[in-house]
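Work through these three exercises with the structure in view. Each one comes with a worked solution.

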Protein chains: 2
Amino acid sequence: MSAFAADLVILTIRKGELHVLLVVRGIEPFQNERALPGGFRRQGESIEDAAIRELGEETGMPDGLVALEQVGVYSASDRDPRGSVVSCAFLAIAPNLPIPVPAQGSDVKDAGWVPLSKLGGGEALAFDHDRILRDSVDQARDKLQYTTIATAFCDEEFTIGDLREVYEVVWGVPLDRANFHRKVRNATEFIVPTGRTRSSGGALGRPAELYRAAGKVSVLASPILRGSLVARR
Amino acid sequence: MSAFAADLVILTIRKGELHVLLVVRGIEPFQNERALPGGFRRQGESIEDAAIRELGEETGMPDGLVALEQVGVYSASDRDPRGSVVSCAFLAIAPNLPIPVPAQGSDVKDAGWVPLSKLGGGEALAFDHDRILRDSVDQARDKLQYTTIATAFCDEEFTIGDLREVYEVVWGVPLDRANFHRKVRNATEFIVPTGRTRSSGGALGRPAELYRAAGKVSVLASPILRGSLVARR
DNA sequence: TCAAAAGTGTTTAGGATACACCCATGC
DNA sequence: GCATGGGTGTATCCTAAACACTTTTGA
């Protein structure tokens, strides 16, 4: 039997740490084990449609909440004990996502945000999902450098501080505040000012200017180099 | 009916121009029209295995001749008139490839190298292969900037002039010879000298030092910026 | 000895770096 | 006022850019 599935790596930042959305499987194989959300494609569905549908069923995330990006296809013949299952992995990075709630009658028992630091090494997930998760996070780290994908981690409107937090959390290094500000401010086709500032929010200090993404995710003419913006002290 | 296929975008440089490997289909749908090589996955095969097998059958390229890289999955429900066919697209870039020869009994009538310049816009290829080709070439152009993939376009041993030709042909711009030389020579984890020089080859002038790739294709710490190396005159 | 291609030197300009220093707000 | 985070100024350093120059071969 040959089947086609989608698996999703949904990343978000919570309390200054990178989290991934995981489910606990309610059925065999790998019952009661943790896995990435995902499932089988149905007739007439594109694989992207299947991914969005499964995300909604298994975690309650509404359609259109996140933009999906393909990571790759996983088709090793031994990746699923049920037989030949080809899976397409998708990556999404989004801010302030709600606590997931599996739909009644779905194949999962539970769903929740798990900090990546709590998954260190080892065989933590079902199927080849450890590998898929690692590839996806690597892709996210690389893409921060040379694309404008970081804006997808933020709200519609965001401050440069919000954007910097994305880089710091995903890269795991502190960046120089002043130089980061200038770098992204001067980059073309990255962020555009809205003219508003963030008045409320409980944050201390001077209100920050608000920006929005300049357009679709694109390749940066001048990359945000990881090595060079790291703060020394 | 749902089926899973692989399509291949094989690029090479011939006479200073970027060429793609195309076939003429021998069966319906799109009989007698040009398409990318590719075909259906068989039981127990990974999708990569299927891609390599089809490449051999349809164009006579031996196994292991090229390293394949995933481009993406194409699964729109109307992309194939036969019904629901999910295709995974692969990209390979390689030097000095032979003239293709379709195997007897394969589904293609002919195979050959076609310069990209002869395909300008329009609906030149079967299925959604125009789209797949465009996405693949875009990916190759971007990856030249921030990965060491250009070495995959060259032979096992190559000169810096060979490497520069890859950039110039794929990007379609002339680069400053001297600055390109220093940039790639000083980049870490890109190229390593072999100590030999290229004596023969019919080329005029001083023999060039030979290099080989430093390792697997990786992300460059300092990207080869397209805009900045372009020669002005 | 001449043309052709490889490789190196050198000046200059612009951007990155590492800070120091102001600005605006809540308490 | 003062702590906190946002924003700007600036001296220094480093690399990219432009192009002249030298080296090594074949004819």
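Copies are superposed by least squares on the C-alpha atoms of residues with pLDDT of at least 70 in both. The model is predicted.

**Exercise 1.** Find what relation links chain A to chain B.

Solution.
- Step 1: A turn of 180 degrees and a shift of 0.0 Å along the axis lay chain A on chain B, with an RMSD of 0.0 Å.
- Step 2: That is the relation of a two-fold axis.
- Step 3: Look in chain A for the C-alpha nearest the axis. It belongs to A:Gly72, 3.3 Å from the axis.
- Step 4: Of the interface residues of chain A, 100% are also interface residues in chain B, so the copies meet through the same surface.

**Exercise 2.** Classify the packing of α3(A) and α4(A).

Solution.
- Step 1: Helix α3 of chain A spans residues 160-171, and helix α4 of chain A spans residues 177-186.
- Step 2: Their axes come within 10 Å and cross at roughly 105 degrees.
- Step 3: Angles of 65 to 115 degrees count as roughly perpendicular. α3(A) and α4(A) are therefore roughly perpendicular to each other.
- Step 4: On α3(A), the contact uses A:Ile160, A:Leu163, A:Arg164 and A:Tyr167. On α4(A), A:Arg177, A:Phe180, A:His181, A:Val184 and A:Arg185 take part.
- Step 5: Sort these contact residues: five nonpolar, one polar and three charged.

**Exercise 3.** Describe how α2(B) passes α3(B).

Solution.
- Step 1: The axes of α2 (residues 129-146) and α3 (residues 160-171) of chain B come within 10 Å, crossing at roughly 140 degrees.
- Step 2: That makes α2(B) oblique to α3(B).
- Step 3: The crossing of α2(B) with α3(B) is left-handed.
- Step 4: B:Arg141, B:Leu144 and B:Gln145 of α2(B) make the contact with B:Val166, B:Tyr167, B:Val170 and B:Trp171 of α3(B).

Conventions. Residues numbered from 1 in each chain as written. Chains lettered and ligands numbered in written order. Predicted model: local features only at pLDDT ≥ 70, side-chain atom pairs only at ≥ 80, totals over all residues. Heavy atoms only, no water. Axes fitted to C-alpha atoms, helices over the stretch in contact; angles between N-to-C directions. Helix = DSSP H or I, 4+ residues; strand = E, 2+ residues; numbered from the N terminus. Parallel < 35°, antiparallel > 145°, perpendicular 65-115°, else oblique. Left-handed = near helix turned anticlockwise from the far one by under 90°. Contact = heavy atoms within 4.5 Å. Nonpolar A, V, L, I, M, F, W, Y, C, P; charged D, E, K, R; others polar.
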